[in-house]
Amino acid sequence: MFSTMQDVPLTVTRILVHGALAHGKAQVVTWTGDGEPQRRTFHEVGLRSIQLANALHDELGVEEGQVVGSLMWNNCEHLEAYLAVPSMGAVLHTLNLRLPAAQLTWVVNHAADRVIIVNGSLLPLLAPLLPGLKSVEHVVVAGPGDRSVLDGCRATVHDYEELIEGRPVRYPWPVIDERRAAALCYTSGTTGDPKGVAYSHRSIYLHSMQINSVEGFGMSGKEMVLPVVPMFHANAWGTTHSAFMTGASILMPDRFLQPGPLADMIETVRPTVSAAVPTIWQGLLAELDARPRDVSSLREVYIGGAACPPSLMKAFEERHGIRVVHAWGMTELSPLGSVAHPPAGLTAEEEWRYRESQGLFPASVEYRLTSADGELVPLDGTSVGELEVRGPWIAGAYFGGAEGEPFRPEDKFTPDGWLKTGDVGAITEDGFLTLTDRAKDVIKSGGEWISSVELENHLMAHPDVAEAAVVAVPDEKWGERPLATVVLKDGSGIGYEALRAFLSERVAHWQLPERWALIEEVPKTSVGKFDKKVIRRRYADGELEVTQLA
Ligand code: ADP
């Protein structure tokens, strides 16, 4: 028997129309540095999105299925593109503005972007690339910036405001198959070449509902969300779609992502929820210590994208009364995989154990752990394996293989349709995930595995340590051994012996690193994660001053 229910496609168009009408008074506030922040209501944003769709269609000839790139910070115009482009049946390709030039060129050409909407402040980045961007016919410039750098370029240049001004505030939205692509995002390539993930209307819709839920980020009209995570990094983790669905106002940081301006905008505009990678919060914490601000509006911050050091969670909670919620995700998962909301009825100590984990999977994310030879690993909280996942907002392939067809590399997708995450960890009987490492970062020492993340977390809990990254280096006797690279806090003169003694109270003796090096800063990827590839290369090239303890 088939159901008797209506079969209505789940589309971004629904999110646009609903937000503009039902939550018309909610606000998008974009930080502008020194001046007054720019403020628009959801109603205004909705109308401007419709005008943008009209302009793209009538003036630039954008058709269904074509790709529109965005090289933009988190701001109101970027949100307008988020809503307009998929609703008209085209695909929004969010470009990672921190990618090296060659990779940026590669992804634009690979996705065949016809139009690029770019912030004026990013023109110096785009202009030199344009001759190599074969498919780009139009460049639409939003916000302040010197347009003259585009003089003589092959593409037609438009001003965003002039382009949308006076356009109709109605659009004949096409009926879209919910399985069609709405947005395209390439992985940031922490462990290899970028790969394209084409999100569907349906996957964005379902994922946003999960972000809305109390199990997710608990979004509602009572909240104001500050997405520090870029809109080019897995759709700002769904926060902006989710806000438009629920009426949570949005504080957009634009290009002001340094700790100082972030603290200023939190104090002035008073967001209640925020999301970013750990390095951003480390920076903010140091800033608040140096120059205190009132950040009491923040109820909860979501930290993910890399393992969150427990010491960071505790510092925010104890010193600023802000609850940190740890979450795990990947570009391939839209990105939400798991969130660490602990169950009820725990002692304070037990509760911390749950909160430090990567958390619980929602009903739509099916999970299993497998061993290197493909056997299932028991979910008993201690047995470790590679995490595999399956579900309606999880990629089943990458975009654009050799013949333009989706492709499924064997190391990423199993024949029975699971995504191999490349993350290694354990899952408890009650479903909580603890990651010990990325498969590529695990230290394989004499047949035993050492978790680089565990060593880092302990080191970063030491009062003299600002940052620490641990990587595997070749070792004649053991195959691999850990190398600890450490950034000390200003003025600290602590020695390696003392740091190792600190670690020895916390991990087994055979896990203690013999090799140590002081560095000025841990190198970061384009989305702000520790870049261990670079540390391994520096070690191999003899660029690090390594001390070997007996
Ligand atoms: P990239 O793979 O290029 O870094 P992603 O943002 O998709 O881009 O990264 C996903 C990866 O980030 C995960 O596979 C995992 O290794 C890591 N990650 C994300 N969240 C966490 C977390 N809370 N703890 C540990 N690792 C995390």
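In the predicted model, the largest nonpolar core comprises 82 residues, and the members that touch the most others are L79, W328 and V389. A second core, separate from the largest, contains 59 residues, with L226, V228, L257 and A263 among them. Such grouping accords with a general tendency: in soluble globular proteins, nonpolar side chains tend to be buried together.

Individual buried positions were also examined. C76 has a relative accessible area of 0% and is therefore classed as buried, the limit for that class being under 20%. C185 is likewise counted as buried, at 1% relative accessibility. A disulfide is a covalent bond between the sulfur atoms of two cysteines. A search for such bonds across the whole structure returned zero disulfides. G216 occupies the loop that runs between α7 and β10 (224–227), and its relative accessible area of 0% places this glycine in the buried class. Between G216 and P343 the sequence separation is 127 residues, while their C-alpha atoms lie 14 Å apart in space.

Charged side-chain pairs were then considered. The structure contains 35 salt bridges. One of these joins E59 to R167, with an N to O distance of 2.9 Å. The two partners belong to distant parts of the chain, being 108 residues apart: E59 lies in the loop between α2 (42–58) and β3 (67–71), and R167 in the loop between α6 (160–164) and β8 (181–186). E59 has 45% relative accessibility and is therefore assigned to the partly exposed class, which falls between the 20% and 50% limits.

Two further salt bridges connect strands β17 and β18. In one, E366 pairs with R390, and the closest N and O atoms are 3.1 Å apart. E366 belongs to β17 (residues 366–370) and R390 to β18 (residues 385–390), so that the pair, 24 residues apart, links distant parts of the chain. Both partners are partly exposed: E366 has a relative accessibility of 38%, and R390 has a relative accessible area of 32%. In the other, the side chains of E388 and R368 meet at 2.8 Å, N to O. Here the acidic residue is in β18 and the arginine in β17, with 20 residues separating E388 from R368. In this pair, E388 and R368 are both buried. Elsewhere among the salt bridges, shared partners unite R40, R48, E77, E80 and E161 in one network.

Internal space was assessed next. Rolling a probe the size of a water molecule over the atoms shows where empty space is left. The count of cavities of 30 Å³ or more comes to five. The largest cavity holds about 60 Å³ of space. Its lining consists of H93, T94, L95, N96, L99, V107, C185, Y186, T187, S188 and F232. Strands β4 (91–94) and β8 are the elements that each give two or more residues to this lining. By class, the residues around the largest cavity divide into six nonpolar and five polar, with no charged residues. C185, a member of this lining, is the cysteine counted as buried at 1% relative accessibility.

The second largest cavity contains about 40 Å³ of space. Y199, I204, H207, S208, N235, G238, H241 and S334 form its lining. Helix α7 (residues 201–212) makes the greatest contribution to this lining, with three residues. Two of the lining residues of the second largest cavity are nonpolar and six are polar, and none is charged.

Among the open sites, the second largest pocket encloses about 1,000 Å³ of space. A total of 37 residues line this pocket, and T279, I280, Q282, G283 and E467 lie nearest its centre. Helices α10 (278–290) and α11 (310–320), together with strands β23 (465–475) and β24 (479–488), each provide at least two residues of the lining. The largest share, seven residues, is supplied by α10. The lining of the second largest pocket is made up of 19 nonpolar, nine polar and nine charged residues.

Key:
Residues are numbered from 1 along each chain as its sequence is written. This is a predicted model: local features need pLDDT of at least 70, side-chain atom pairs count only at pLDDT 80 or more; totals for chains, interfaces and linings use all residues. Side-chain values use heavy atoms; hydrogens and water are left out. On a 1 Å grid over the protein atoms alone, a cavity is a set of points where a 1.4 Å probe fits but cannot get out, and a pocket is an open set with protein on both sides within 12 Å along at least five of seven lines; lining residues have an atom within 4 Å of a point. Grid points are joined across faces, edges and corners, and a volume is the space filled by probe spheres set on the points. Helices (H or I, at least four residues) and strands (E, at least two) are DSSP runs, numbered from the N terminus. Ala, Val, Leu, Ile, Met, Phe, Trp, Tyr, Cys and Pro count as nonpolar, Asp, Glu, Lys and Arg as charged, and the others, Gly among them, as polar. A salt bridge is a side-chain nitrogen of Lys or Arg within 4 Å of a carboxyl oxygen of Asp or Glu. Buried means under 20% relative accessible area, exposed over 50%, partly exposed in between (1.4 Å probe, protein chains only). A nonpolar core is a set of buried Ala, Val, Leu, Ile, Met, Phe, Trp, Tyr and Cys residues joined through side-chain atoms within 4.5 Å. A disulfide is a pair of cysteine sulfur atoms within 2.5 Å.
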